[in-house]
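Biologist: I should like to go through the terms applied to this structure and hear what justifies each of them. Please show it to me before we begin.

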Amino acid sequence: MSEGSRGSSVAFGQVVIGPPGSGKTTYCHGMQQLLGSIGRRVAVVNLDPANEAMPYQCALDVAQLITLPDVMESLGLGPNGGLIYCMEYLEANSDWLQERLAALRGHYFLFDCPGQVELYTHHRALKNVLAQLAKWNFRLAAVHLVDSHYCTDPGKFISVLCTSLSTMLHVELPHVNVLSKMDLIEQYGKLAFNLDYYTEVLDLSYLVDHLASDPFFRSYRRLNEKLVEVIEEYSLVSFVPLNVQDKASMRQVLQAVDKANGCCFGEQEHRSLEALMSAAVGADFHFTSTLAVQEKYLQSQDKAVEEEVMEL
C-alpha cells in the first residue's frame, strides 16, 4: 500500500482524544463491544505509550515500537516531555505504523490516543500522524471526550469550550465533542442551566453573567466576554452527552461519528432508507439524547429534594 495510494479500500474509524481521566480507554472498550454486537470487525489501536492497563482487545500497540518508561529512563525526560518524544518518534517511524495497519485492512478502527492536551492544541506530531492516515485512505472522525463535571463550574466550562475549539481547528478532522460520564453528573452538583444549554452551547452571555456573580471572576468579566465572543464567532462547538454504560447513549454517539466520518454512506454499512434518513436529519439525536439525560438528571434532583423534605 503506497503512501498516496487511492486504489486501496477505504477504512473508517475514530480517533479518541481528550484530557487525562476523561474516559478514553473506557470508551474504546465500550465502543468495541457495541460495534462487535452490530457486526463490525473492530481493531483497537493503542497510540498511548503510557497506557499499560487496557481492558479492550488490542490489535496494535504502540508499545511494540516505543514506551514512555523507556524514554523517561534513557533520556531523563518527565512524563510530558516523554509523551511528546514518543509521538515524534512515531511520526518519524510512520512506515512501522503503515505496515501493521495494512495487515488489519477491512476492520473498523478505534485509535486510543494519549491524554496530553498540547498534542491536540498546538504540537504537530500527532496531527502529522493523522494526516498520514488520511493519505493511506483512512476516513476518521475525532471523538473528543470531556468530563461532564465541567458543566457544574462556569469558569471551567468556558475553558473546556476554548480547548475544544482549539483542538477542532488544530487536528483538522471531522469532530464529535462528547460530554462523558453523564451517569455521574448528579454527583457533581446542581447545574446553573438546563443540560441542553451546555450540549448546544447556547447564548454564552448568560454564562458570563453567572460568572460575574462570583467576586473572584467579576474582575475578569472583560476577559470572559472576549473568550465567549471567539467561541460564538466560530460557532463550531457542541456536545453529545454520553453514559458509556447505556447502550442507547453509545448508539447515539456512534450515529454522530458515522455521520462525521462518512461511514453511514460507505461500503461497510447497509444503505437502507432508514440509515440514510437518520444521517440526513441533523439534530434529532442530539435533542433525544440530551432530553433523556436531562429527564434522568432532573428526576434525580427531585428525588434528592423529596428526601431532604422528608428528613425535615
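Biologist: How much area does the protein expose, and what share of it do carbon and sulfur atoms supply?

Modeller: The protein exposes about 15,100 Å², and carbon and sulfur atoms supply 53% of that area. Accessible areas come from the Shrake-Rupley method with a 1.4 Å probe, and for residues only the protein chains shown count as cover. The model is predicted, so local features need pLDDT of at least 70 and side-chain atom pairs count only at pLDDT 80 or more, while totals for chains, interfaces and linings use all residues. Residues are numbered from 1 along each chain as its sequence is written, and side-chain values use heavy atoms, with hydrogens and water left out.

Biologist: How many helices and strands are there in the protein?

Modeller: The protein has 14 helices and seven strands. They are DSSP runs, numbered from the N terminus: helices are H or I with at least four residues, strands are E with at least two.

Biologist: What makes strand 6 largely enclosed by the rest of the structure?

Modeller: Buried means under 20% relative accessible area, exposed means over 50%, and partly exposed lies in between (1.4 Å probe, protein chains only). Six of the six residues of strand 6 (residues 175-180) are buried, so the strand is largely enclosed. Both of its faces are covered: His175, Asn177 and Leu179 are buried on one side, and Val176, Val178 and Ser180 on the other. For the protein as a whole, 47% of the 312 residues count as buried.

Biologist: How do you know that strand 5 and strand 6 pair, and in which sense?

Modeller: Two strands pair if DSSP finds at least two bridges between them. Strand 5 (residues 138-147) and strand 6 share six bridges in the parallel sense, with Val146 opposite Leu179 of strand 6. Strand 6 also runs parallel to strand 7 (residues 239-241), to which three bridges join it; there, Val240 is the bridge partner of Val178.

Biologist: Why is the contact of Arg40 with Asp258 called a salt bridge?

Modeller: A salt bridge is a side-chain nitrogen of Lys or Arg within 4 Å of a carboxyl oxygen of Asp or Glu. The N to O distance between the side chains of Arg40 and Asp258 is 2.6 Å, and they therefore meet the rule. Arg40 lies in the loop between helix 1 (24-37) and strand 2 (42-46) and Asp258 in helix 12 (residues 247-261), so the pair ties together parts that are 218 residues apart in sequence. Arg40 and Asp258 are both buried. By this rule the count comes to eight salt bridges.

Biologist: Which residues are linked in a network of salt bridges?

Modeller: The network links Asp209, Arg221, Arg222 and Glu225. Within it, the side chains of Asp209 and Arg221 meet at 2.6 Å, N to O. Asp209 lies in helix 9 (residues 205-212) and Arg221 in helix 11 (residues 221-234), so this pair ties together parts 12 residues apart in sequence. Glu225 and Arg221 meet at 3.0 Å, N to O; both lie in helix 11, four residues apart, about one turn of the helix.

Biologist: Are Asp209 and Arg221 buried or partly exposed, and what makes them so?

Modeller: Asp209 has 41% relative accessibility and therefore counts as partly exposed. Arg221, at 29%, counts as partly exposed, and Glu225 does so at 23%.
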